[in-house]
Amino acid sequence: MARETAGDKLIRMTEHERVLWAQGLSVAGIDEVGRGPLAGPVTSACIVVPENMMPLGVDDSKKLSEKKRELLYEQLMGAASYVRVASVPPDEIDQINILNATKKTMQQAAEGAIGAHFLIDAVEGLTLPGASTSLIHGDAISYMIAAASIIAKVTRDRYMAELHARYPMYNFLRNKGYGTSEHICALREYGPCAAHRLSFIGKIMAGTNR
């Protein structure tokens with residue numbers, strides 16, 4: 001089987017976008033990162049990249065190396081006609097739950113892209129300033145959603161590196177707040193910090209003296 005070229009990938013990843021462009025519409029992608037971690041914010045990005053300005057190599061951020069994500073982040077930020085990132089912190093996640101927090105970040109990220117058609121990774125029921133289409137596994141099949149996933153991922157990872165400098169005992173630099181065995185062991189030894197989602201760690205902390 002022939003290996004997919006960068007051009008072929010671009011054609012495949014813009015199938016949904018090309019249908020909308022043919023209608024004269026601006027197309028925005030929305031995606032989030034950080035729904036599952038025990039610590040740190042949930043972060044969403046919304047991006048519009050003009051059809052003639054699209055960097056090659058864009059894919060689901062989870063499929064890309066950190067080095068590649070960083071490179072594409074810079075290229076996308078330079079090419080985008082619109083980009084905005086929004087986050088909800090751990091204490092607010094505890095108050096309104098992770099789904100509502102995710103929706104809030106997506107809506108905030110999109111609020112300036114008035115009149116665009118929004119392609120969204122799986123989430124429905126958003127209030128957006130334009131029509132929208134929710135795509136299952138959207139970051140794997142839509143260029144704009146994948147681009148948004150890269151922007152959100154790099155932004156959140158950089159913030160988790162800042163948190164690591166403040167709370168090195170949890171090794172946020174490596175685990176990004178996810179519930180690795182190392183992170184859980186540190187939680188049980190040191191207890192939670194201000195970056196932790198208390199609603200996510202109840203079972204982990206049960207039986208400890210903290």
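Let's start at Ser142, which sits in the loop between helix 6 (138-141) and helix 7. This is a predicted model, so everything here describes a prediction. Is Ser142 buried or exposed? Its relative accessible area is 0%, and because buried means under 20%, Ser142 counts as buried. Its neighbours come from several parts of the chain: leaving aside residues up to four places away in sequence, Ser142 touches Met13, Glu17, Leu119 and Leu135. There's also a nice example of folding bringing distant parts together, as Ser142 and Gly29 are 113 residues apart in sequence but 8.1 Å apart in space, C-alpha to C-alpha.

One of those contacts of Ser142, Leu119, takes us to strand 4 (residues 117-121). This strand is mostly covered, with five of its five residues buried. In a regular strand, side chains alternate between the two faces of the sheet. You can follow that here: His117, Leu119 and Asp121 point one way from strand 4, while Phe118 and Ile120 point the other way.

Who stands beside strand 4? Strand 1 pairs with strand 4 in the parallel sense, over four bridges. Along that pairing, Val27 stands opposite His117, and Ile30 stands opposite Ile120. Strand 5 pairs with strand 4 too, again in the parallel sense and over four bridges. There, Leu119 has Thr133 in strand 5 as its bridge partner.

Now step back to the whole sheet. It's an open sheet of five strands in the order 3-2-1-4-5, with mixed pairing. Why do strand 3 (82-88) and strand 5 (132-135) stand at the edges? Each has a single partner strand, so one side of each is left without a neighbour in the sheet. From one strand to the next, the twist averages 20°.

Helix 5 (residues 98-110) comes next. With 13 residues, helix 5 reaches 18 Å from its first C-alpha to its last, close to the 18 Å expected at 1.5 Å a residue. Its buried residues are Ile98, Ala101, Thr102, Thr105, Met106, Ala109 and Ala110. They cover an arc of only 160° around the axis, which puts them on the same side of helix 5. And what do the buried residues of helix 5 pack against? They meet strand 1, strand 2, strand 3, helix 4 (90-96) and strand 4.

Helix 3 tells a similar kind of story. Its 14 residues should span 20 Å at 1.5 Å a residue, and its end C-alpha atoms are 20 Å apart, which agrees. Here the buried residues are Arg69, Leu72, Tyr73, Leu76 and Ala79. Their arc around the axis is only 140°, so they lie on the same side of helix 3. Strand 2 and helix 7 are what these buried residues pack against. Turn to the face of helix 3 pointing away from its buried side, and you'll find the exposed residues Lys67 and Gly78.

In the loop between strand 2 and helix 3 is Asp60. Buried or exposed? Asp60 has a relative accessible area of 5%, which makes it buried. Not counting residues up to four places away in sequence, Asp60 touches Asp139, Ala140, Ala146 and Ser149.

That leaves the nonpolar interior. In soluble globular proteins, nonpolar side chains tend to be buried together. The largest nonpolar core here has 28 residues, and the members that touch the most others are Ile47, Val49, Val58, Leu76, Tyr143, Met144 and Ile150. At least two residues each come from helix 2 (15-21), strand 1 (27-33), strand 2 (42-48), helix 3 (66-79) and helix 7 (143-166). Which element gives the most to this core? Helix 7 does, with ten residues.

Val58 is a good place to look closely. Setting aside residues up to four places away in sequence, Val58 touches Lys9, Met13, Leu72, Leu76, Tyr143, Ala146, Ala147 and Ile150. There's also a second, separate core of 16 residues, which includes Ala28, Val48, Tyr82 and Ala109. Ala109 is a name you've met already, as one of the buried residues of helix 5.

Key. Residues are numbered from 1 along each chain as its sequence is written. This is a predicted model: local features need pLDDT of at least 70, side-chain atom pairs count only at pLDDT 80 or more; totals for chains, interfaces and linings use all residues. Side-chain values use heavy atoms; hydrogens and water are left out. A nonpolar core is a set of buried Ala, Val, Leu, Ile, Met, Phe, Trp, Tyr and Cys residues joined through side-chain atoms within 4.5 Å. Buried means under 20% relative accessible area, exposed over 50%, partly exposed in between (1.4 Å probe, protein chains only). Contact means heavy atoms within 4.5 Å. The expected span of a helix is 1.5 Å times one less than its number of residues. The arc is that of the directions from the helix axis to the C-beta atoms. Two strands pair if DSSP finds at least two bridges between them. Axes are lines fitted to C-alpha atoms, for helices over the stretch in contact, and angles run from 0 to 180 degrees between N-to-C directions.
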